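Student: Hi! Could we go through this model together?
Tutor: Sure, ask away.

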Amino acid sequence: MSGTFTKSMARNIFIGGSAFFIFLFLALSFDTVRALPERDNRHNITDQVALGKKVWEDNNCVGCHSLMGEGAYFAPELANVYDRFGKSTEAIKGFIRSRPVDGIPGRRSMPQFNLSEEELDAVAQFLKWTSEINDAGWPPNIQG
Amino acid sequence: MKYQSQLVAKPYFIAAIGLFIGQIIFGLIMGLQYVIGDFLFPEIPFNVARMVHTNLLIVWLLFGFMGSAYYMIPEESETELYSPKLALALFWIFLVAGALTIVGYLAVPYARLAEMTGNDLLPTMGREFLEQPTITKIGIVVVCLGFLFNLGMTVLKGRKTSVSLVLMTGLVGLALLFLFSFYNPTNLVLDKFFWWYVVHLWVEGVWELILGAILAFVLIKTTGVDREVIEKWLYVIIAMTLITGILGTGHHYYWIGAPEYWQLIGSVFSALEPIPFFMMTVFAFNMVNKRRRDHPNRAAVLWALGTAVMAFLGAGVWGFLHTLAPVNFYTHGSQITAAHGHMAFYGAYVMIVLTMISYTMPMMRGRAAANSLKSQVVEMWAFWLMTVSMVFITLFLTGAGILQVYLQRYSDAPQAFMVVQEKVELFYWMREYAGLVFLTGLLLYVVSFFIGGKEHAEQRA
Ligand code: HEM
Ligand code: HEM
Ligand SMILES: [Fe+2]
């Protein structure tokens, strides 16, 4: 860096540049929030789906699974599990309900959460709702 | 060490190293669960080990940043810390709160922990990296406020340098952005959108300011190059960081329901994000080449140069690898992500904290400017063991990731997740072995602190 480029010029670029991009980012975030109702399937968020999200969070499902590609990479992607399971919430419930307490020998295991029938319905509805968000066609195929 | 109060950094650094060891042990547990699925099941399910691993990482890095700030700010401001007592009190509060949270993860099922800590009152739990009970999150905010107050008062009464202003900006940004962790709407898309305000804007925004400031400080001290030159570099680097990194957030908005213009914005700006990391590398090597003196603490200089290189590799190169939307469509949420996450976190933030510890600890322990040569040699061995094994961990995960993406998402006959995971098992075994080497390096690092306490390195400066 040559002599004519001073520290205060560098500082001004920092302040001006950051201020500009913070502002632009906030404007785009605002625009996103306005555009979301078209994409995020919010008209289908029932009390049951809301409870499902709570069950999802209270049991830290995201600590093993990814959901829309975010989370952990130890167990299958679940944003499209509703489609993978033949659009059946019953199949999802059945899978969660039937996990053995002591796991499956030698295989990556999912805990038995002892969810109530209401919670099972809710989390399955939550996964169904998630699968219907417009996420630009991700994942590439049914395997997630 | 010029000011007595800088010593409060010491407990922070010791705690950081202790928690680091815990983090790695849980990393190894998970690494084994990847290949022996029922290892420690149901006692420590994978998700619990993962929370412990990642939360310990974040907490020890925060301890490291705080210790670094408590050391740097008095020296930069040329005055004693406003309140060393407050700093020490906050240390214990943070340590106890952190320990209780980890114990909570391990002792009771997560759902029970959520219930016990009143998560329903203000639900914030159960999201990646933000698993802490709401009350712990409030504790973190309180500790941050006290910390920023203490530092702010110190800066105000003393000399104001660019290094301390950049550091303070980074730390204030860290605290402010963390507030988004309290926003958890029912709408998953909104939840995810603002979750990245914490996670991305931390590691690819304000934390880079902290990284830059610490690196600048250590380079000023160890090379003796004129502060004006170093601070000018610092401003240019962090300007590029925020110019590219803020809109770069878009690389997380491709497939979570946000409008599709983010594919273009995110790709363009995040593709530029390696620039500040590259500048950091050029900067560090330039300053060391132009050094006015040979600092006796060669280990610290090695850590500083290592940070600059590994941050560029992990964040810059491995970030670029999967950041363009058409590539990310296939790699999103795969082992490629994990490979990048490991090298970036290690190269940028683990290494900068270890740089600062390496530079300051000898002085805080009354050993003049550096440890004995013997101790430094062991420390440098630890540097190489950890760094090289992290390179291998990254390469093995990248190998697993490429196969995973091909078999599960790209080939003509895509296979199920669990089937593919079994096929790439060999890579996970090799990752685990590399992890054991990493642990060896870390233990050697701890050993280096106990070597040659009596003999000081001769001053060549
Ligand atoms: C030394 C041996 C280590 C092993 C065996 C290990 C293993 C693991 C495993 C298995 C995961 C979970 C991946 C998943 O979600 O499926 C993970 C996540 C993670 N680890 Fe490590 N780890 C190690 C060291 C480290 C170090 C040194 C760091 C910090 C620099 C680190 C930072 C992380 C981060 C940030 C994540 C979350 C990654 C993501 O979401 O992409 N780990 N680690
Ligand atoms: C030191 C700085 C950085 C750190 C610590 C870091 C860490 C991480 C971590 C832990 C994740 C996984 C998040 C999750 O669990 O979902 C991630 C994701 C990602 N990072 Fe970085 N990163 C850094 C810099 C960068 C840079 C500079 C780029 C681009 C050039 C980049 C590109 C990405 C992308 C595209 C993803 C999303 C991966 C996916 O779709 O699954 N990162 N990063
Ligand atoms: Fe990012």
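Student: Is A:Glu132 buried, partly exposed or exposed?
Tutor: A:Glu132 counts as partly exposed, at 38% relative accessibility. The cut-offs are under 20% relative accessible area for buried and over 50% for exposed, with partly exposed in between, using a 1.4 Å probe and protein chains only. Before we go on, note that this is a predicted model: local features need pLDDT of at least 70, side-chain atom pairs count only at pLDDT 80 or more, and totals for chains, interfaces and linings use all residues. Residues are numbered from 1 along each chain as its sequence is written, chains are lettered from A and ligands numbered from 1 in the order in which they are written, and side-chain values use heavy atoms, with hydrogens and water left out.

Student: Thanks! Which residue forms a salt bridge with A:Glu132?
Tutor: That is A:Lys128, with the closest N and O atoms 3.4 Å apart. A salt bridge here is a side-chain nitrogen of Lys or Arg within 4 Å of a carboxyl oxygen of Asp or Glu. A:Lys128 is partly exposed, with a relative accessible area of 23%.

Student: And which residues do salt bridges with shared partners join into one network?
Tutor: A:Lys7, B:Glu76, B:Arg227, B:Glu228 and B:Glu231.

Student: How many salt bridges are there over all chains?
Tutor: The structure holds 25. Six of the salt bridges found by the rule lie across the interface of chain A and chain B.

Student: What does A:Lys54 do across that interface?
Tutor: A:Lys54 forms a salt bridge with B:Asp120, where the closest N and O atoms are 2.8 Å apart. Within chain A, the side chain of A:Lys54 also meets that of A:Asp58 in a salt bridge, at 2.7 Å from N to O. A:Asp58 and A:Lys54 both lie in helix α2 of chain A, four residues apart, which is about one turn of the helix. Helices (H or I, at least four residues) and strands (E, at least two) are DSSP runs, numbered from the N terminus.

Student: How accessible are A:Asp58 and A:Lys54?
Tutor: A:Asp58 is buried at 12% relative accessible area, whereas A:Lys54 is partly exposed at 30%.

Student: What about A:Asp31, which residue is its salt-bridge partner?
Tutor: A:Arg34, with the closest N and O atoms 4.0 Å apart. Both lie in helix α1 of chain A, three residues apart, again about one turn. A:Asp31 is partly exposed at 27%, and A:Arg34 counts as exposed at 59%.

Student: Back to the interface. How many residues are in contact?
Tutor: 73 residues of chain A are in contact with 83 residues of chain B, contact meaning heavy atoms within 4.5 Å. The area buried between the two chains is about 6600 Å², and carbon and sulfur atoms give 65% of that. Buried area is the accessible area (1.4 Å probe) that two parts lose on being put together, summed over both.

Student: Any charges over rings? What sits over B:Tyr34?
Tutor: The charged end of A:Arg108 sits over the ring of B:Tyr34, 4.3 Å from its centre. The charged end of B:Arg431 sits over the ring of B:Tyr34 too, 5.0 Å from its centre. The rule asks for NZ of Lys or CZ of Arg within 6 Å of the ring centre and within 35 degrees of the ring normal.

Student: Now ring pairs. How many aromatic pairs are there?
Tutor: There are 59 over all chains. Rings of Phe, Tyr and Trp (its six-membered ring) pair if their centres lie within 6.5 Å; planes under 30 degrees apart count as stacked, over 60 as edge-to-face and the rest as tilted. B:Phe91 and B:Trp92 are an edge-to-face pair, 5.0 Å centre to centre with 75° between the planes. B:Phe91 is buried at 3%, while B:Trp92 is exposed at 52%.

Student: Why is the pair of B:Phe193 and B:Phe194 edge-to-face?
Tutor: Because their planes are at 75°, with the ring centres 5.1 Å apart. B:Phe193 is buried at 1%, and B:Phe194 counts as buried at 12%. Both belong to one aromatic cluster, whose members include A:Phe25, B:Phe180 and B:Trp262.

Student: Last one: where is B:His295?
Tutor: B:His295 is in the loop between α10 (274–289) and α11 (298–321) of chain B. B:His295 is buried, with a relative accessible area of 9%.
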